[in-house]
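Biologist: I am new to reading protein models. Could you walk me through one, feature by feature?
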Amino acid sequence: MQYKRFYDNKTRRAPDVMVVFGRSKGDRGSYLQWKEENIIPQVVFEILSPGNTHREMIAKYNFYQRYGVEEYYLYDPETGELTGWLRRENELQEIAEIIGSVSPRLGVRFETSNGKLQIFRPDGQQFLTYLELDRLREQERERAERKRERAEQAESQLQALRALLESKGINPEEL
């Protein structure tokens with residue numbers, strides 16, 4: 001089945017997260033499919049928010065169905081519920097047992113713990129949350145700062161030792 005392609009800027013949908021294979025990496029304000037060799041996003045993630053209506057979410061599903069998205073995932077952070085659909089026989093079909101399932105395109109595995117979604121990379125490592133990444137960045141920044149301070153302290157001690165040797169008439173370069 002041939003899916004409708006975007007050749008205009010009037011048909012639009014902005015998912016929360018999408019993955020598009022076959023396009024170069026880089027920041028984009030928007031993914032303009034008609035300017036991206038008309039490549040359809042293969043994987044789409046939507047995160048429910050209190051402002052989303054049932055009607056809006058049905059419209060999004062219908063849009064992704066119509067335009068050929070291969071995998072569509074919907075996550076409700078309030079309930080911890082993840083729902084997913086995979087394209088089979090030209091139709092998005094719900095994944096019956098999503099917990100423990102693996103995305104065919106991404107190779108990531110979906111799990112839950114204490115009502116929270118956990119996503120594991122193909123190598124089995126869990127993706128970190130934004131807060132966890134931020135904490136790691138802060139720890140790395142602090143580690144680098146301590147290392148810089150130790151280097152400055154060592155340099156200061158070296159200079160003091162050179163000065164002491166020179167005050168005793170010893171050339172440190174000749175040692």
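Biologist: Let me start with the basics. How many helices and strands does the protein have?

Modeller: Keep in mind that this is a predicted model. The protein contains 2 helices and 7 strands. Read from the N terminus, the elements run β-β-α-β-β-β-β-β-α.

Biologist: What radius of gyration does the protein have, and what would a compact globule have?

Modeller: The usual idea is to set the value beside that of a globule of equal length. For 175 residues, a compact globule would come out near 16 Å, but this protein has 27 Å. The C-alpha trace gives a similar kind of view: along its principal axes it spans about 90 × 40 × 30 Å.

Biologist: And what share of the residues count as buried?

Modeller: Of the 175 residues, 29% are in the buried class. As for the surface, the accessible area comes to about 12500 Å², and 50% of that belongs to carbon and sulfur atoms.

Biologist: Now the helices. How do I check the length of helix H1 against what should be expected?

Modeller: You count residues, work out the span at 1.5 Å a residue, and set it beside the distance between the end C-alpha atoms. H1 covers residues 54–66, which is 13 residues, and should span 18 Å; its end C-alpha atoms are 18 Å apart, so the two agree. H2 can be read in this way too: it has 38 residues and reaches 55 Å from its first C-alpha to its last, close to the 56 Å expected.

Biologist: What follows each helix?

Modeller: Look for a glycine with a positive phi. After H1 comes Gly-68, with a phi near 85°. After H2 comes Gly-169, whose phi is near 80°.

Biologist: Which residues of H1 are buried, and what covers them?

Modeller: The buried residues of H1 are Met-57, Lys-60, Tyr-61, Phe-63, Tyr-64 and Gln-65. Their cover includes strands E2 (43–47), E3 (71–76), E4 (81–88) and E5 (91–94).

Biologist: Lys-60 is on that list. With which residue does Lys-60 form a salt bridge?

Modeller: The general idea first: side chains of opposite charge can pair when their charged atoms come close. Here Lys-60 meets Glu-46, with 3.1 Å from N to O. Glu-46 lies in strand E2 and Lys-60 in helix H1, so the salt bridge ties together parts that are 14 residues apart in sequence.

Biologist: Are Glu-46 and Lys-60 buried or exposed?

Modeller: The cut-off for buried is under 20% relative accessible area. Glu-46 has 1%, so it is buried. Lys-60 is buried too, at 7%.

Biologist: How many salt bridges are there by this rule?

Modeller: The count comes to 14. One of the pairs is Arg-143 with Glu-140, where the closest N and O atoms are 2.5 Å apart. Both residues lie in helix H2, 3 residues apart, about one turn of the helix. Arg-143 is partly exposed at 37%, and Glu-140 is partly exposed at 39%. Another pair is Arg-109 with Glu-111, at 2.9 Å. There is also a network of salt bridges that links Arg-23, Arg-28, Glu-36 and Glu-37.

Biologist: What about the loops? Which residues between E4 and E5 have a positive phi without being glycine?

Modeller: Glu-89 is one of them, found in the loop between E4 and E5, with a phi of about 50°. Asn-90 sits in that loop too, and its phi is near 65°. For accessibility, Glu-89 is exposed at 76%, whereas Asn-90 is partly exposed at 37%.

Biologist: One last feature. Which residues make a nonpolar surface patch?

Modeller: Such a patch is read by looking for nonpolar side chains that sit together at the surface. Leu-128, Leu-133 and Leu-136 make one of about 240 Å². Leu-128 lies in the loop between strand E7 (116–120) and helix H2 (130–167), and it is partly exposed, with a relative accessible area of 39%.

Note on methods
Residues are numbered from 1 along each chain as its sequence is written. This is a predicted model: local features need pLDDT of at least 70, side-chain atom pairs count only at pLDDT 80 or more; totals for chains, interfaces and linings use all residues. Side-chain values use heavy atoms; hydrogens and water are left out. Patches are made of residues with over 30% relative accessible area and no salt bridge: like charges are joined within 9 Å, nonpolar side chains (Val, Leu, Ile, Met, Phe, Trp, Tyr) within 5 Å. Accessible areas come from the Shrake-Rupley method with a 1.4 Å probe; for residues, only the protein chains shown count as cover. A salt bridge is a side-chain nitrogen of Lys or Arg within 4 Å of a carboxyl oxygen of Asp or Glu. Helices (H or I, at least four residues) and strands (E, at least two) are DSSP runs, numbered from the N terminus. Buried means under 20% relative accessible area, exposed over 50%, partly exposed in between (1.4 Å probe, protein chains only). The radius of gyration is taken over C-alpha atoms; the globule rule is 2.2 Å times the number of residues to the power 0.38. The expected span of a helix is 1.5 Å times one less than its number of residues. Contact means heavy atoms within 4.5 Å.
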